[in-house]
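Here is a short tour of one protein chain. Keep the sequence and the 3D view side by side as you read.

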Amino acid sequence: MENDRLYKKYIYISKEPRAIIEEYCKEHRINLVMRFINEYNLKKFLETELRNLNGVDYLIIDLQAIINTTPENEIASSIELIRRMYNVRIIILAEGYKEGNVLLGRIFNLGIYNIVTARNDVMFAEEIERVFSEEGMTFGNAMKYKISDSMLVINKTTKVVKENIKRAKQTITIGIAGTEKHIGATTVAINIVKYLSELTNVTACYIENNNHNSIYSLVEDESLQTVYNEVLKKITYEGIDLYERPENLADILKFEYEFYVFDFGNFEEMSKEEISSFLTRDLKIIVSGNKTWEISKLIETFMIIGEDINSYLIFNFVRNENKETFRESLGKFWKERASFSEFVPEPFIVGNRKFYETILKDYLLNTNIEEVKEKKGIFNILKNKKGKENVKKK
């Protein structure tokens, strides 16, 4: 039975054979189920050739094979249909497409992040390796394709864009690390999971990605109503799932939480591999203080992470009268990413809501974009006329 999933499966749709993809998949024991080499209308193709994708791990769609025969709105709606119906990783080949492309923006808004745009064979091969990796391309990797809502309106005089706000459905990882010991990284990590868990239809979990083994104290405290799964090393308390450090991260990833919050402890204790792992998270939060002896640790952290646009700072224990002066001292890049923590004595009671809302706003996607013609029939005319009469009576 173990060998049944030793070989994964893929299908690809392309205008021409893809030697780089086939060679990579053969080398990594990913079996080709079917290749479709031609130009297709994607919507009709799903109704005829691809009526069942059960058991397929990867579906590769080359835009060259569908862009000339399928309207962009049908491409987006067809991809969304696949995503809803099947547990398959969708990989989009869009060689030469640039940031700001509306179609890629629509695809990104559907939660599809495995997008390959490189033209150069070497870079193309690197991106192929990334999309087939265990995590695939992340929200952070694909965020460059996000476009403003105004670009989605084709004709403002005849169409209205309706948007339903949804949380991202593919995995988003958040790394939390302190600049030194006992600075409050674990409190922030648990607190942000609690915040996420209180949002409608959002799933999140905490992972103790350090050697402290602190969260097990929740189980040892008999006064607390915890549920402990010894096999998964999972503690459920106050409505959130907390995992002790996993031997195999895949054991947790298979539960498909939308947000995975990793508590890395502090930079003083992190290995090179752990620092590298922290830097690959979609969103990174550094917890620090601003006392004289803490600043040197903060500077060391800056040297490690550089000016990472997906990183934010939160400072604990800063006096109100020092906050703005200290913020200015951080320089142009970091002062815009710095926040000062409220007093949060209990990690399972949400504090710092404004901070969480700010750093997570880009991780809430506008999806299910529907274009409808604006109706100006007799009902609208009568309604407008009635409104004017009411105004006159006043």
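Which strands does helix α3 lie across? Helix α3 (residues 72-85) lies across β3 and β4. Its direction makes an angle of about 155 degrees with β4. Bear in mind that this is a predicted model.

**The sheet**

Both of those strands belong to an open sheet of 5 strands. The order is β2-β1-β3-β4-β5, and the pairing is parallel. At the edges sit β2 (30-37) and β5 (115-116), each of which pairs on one side only. Look next at β1 and β3 (residues 58-62), which run parallel and are joined by 4 bridges. Take Tyr 10 as an example: its bridge partner in β3 is Tyr 58.

**An enclosed helix**

Now find helix α4 (residues 102-109). Is it enclosed or open? Here 7 of the 8 residues are buried, so the helix is largely enclosed by the rest of the structure. The buried residues include Leu 103, Leu 104, Ile 107 and Phe 108. Arg 106 and Asn 109 are buried too. Asn 101 caps the N-terminal end of α4. One of its side-chain oxygens lies 3.0 Å from the backbone nitrogen of Leu 103. After the helix comes Gly 111, with a positive phi near 90 degrees.

**Salt bridges**

Side chains of opposite charge can pair when their charged atoms come close. The structure holds 12 such salt bridges. The table lists some of them.

| Pair | Closest N to O distance |
|---|---|
| Glu 95 and Arg 18 | 2.5 Å |
| Glu 268 and Lys 297 | 2.9 Å |
| Glu 328 and Lys 335 | 3.3 Å |

Start with the pair Glu 95 and Arg 18, joined by a salt bridge. They link distant parts of the chain, 77 residues apart. Glu 95 is in the loop between β4 (89-93) and α4, while Arg 18 is in the loop between β1 (8-14) and α1 (19-27). Both residues are buried. Asp 62 joins them in a network of salt bridges.

Glu 268 and Lys 297 also meet in a salt bridge. This pair again links distant parts of the chain, 29 residues apart. Glu 268 sits in the loop between β12 (259-266) and α10 (272-279), and Lys 297 sits in helix α11 (residues 292-305). Glu 268 is partly exposed, at 42% relative accessible area. Lys 297 has 22%, so it counts as partly exposed as well.

**A buried lysine**

Is Lys 284 buried or exposed? With a relative accessible area of 2%, Lys 284 is buried, because the cut-off for buried is under 20%. This residue lies in strand β13 (residues 283-288). Its side chain makes a polar contact of 3.4 Å with the side chain of Asp 308. Beyond its neighbours within four places in sequence, Lys 284 is in contact with residues including Gly 175, Phe 278, Asn 310 and Tyr 312.

**Nonpolar cores**

In soluble globular proteins, nonpolar side chains tend to be buried together. How many residues does the largest nonpolar core have here? It has 70 residues. Those with the most contacts inside it are Ile 79, Ile 92, Ile 174 and Leu 360. Helix α7 (residues 185-197) gives the largest share of this core, 8 residues. Leu 360 touches Ile 174, Ile 192 and Phe 259, among others beyond four places away in sequence. Apart from this core lies another, of 27 residues. Among them are Ala 177, Leu 253, Phe 264 and Phe 333.

Terms used: Residues are numbered from 1 along each chain as its sequence is written. This is a predicted model: local features need pLDDT of at least 70, side-chain atom pairs count only at pLDDT 80 or more; totals for chains, interfaces and linings use all residues. Side-chain values use heavy atoms; hydrogens and water are left out. Buried means under 20% relative accessible area, exposed over 50%, partly exposed in between (1.4 Å probe, protein chains only). Helices (H or I, at least four residues) and strands (E, at least two) are DSSP runs, numbered from the N terminus. A polar contact is a pair of N or O atoms within 3.5 Å; within protein, one must be able to donate a hydrogen and the other to accept it, and residues adjacent in sequence count only if both atoms are side-chain atoms. A salt bridge is a side-chain nitrogen of Lys or Arg within 4 Å of a carboxyl oxygen of Asp or Glu. A nonpolar core is a set of buried Ala, Val, Leu, Ile, Met, Phe, Trp, Tyr and Cys residues joined through side-chain atoms within 4.5 Å. Contact means heavy atoms within 4.5 Å. Two strands pair if DSSP finds at least two bridges between them. Axes are lines fitted to C-alpha atoms, for helices over the stretch in contact, and angles run from 0 to 180 degrees between N-to-C directions.
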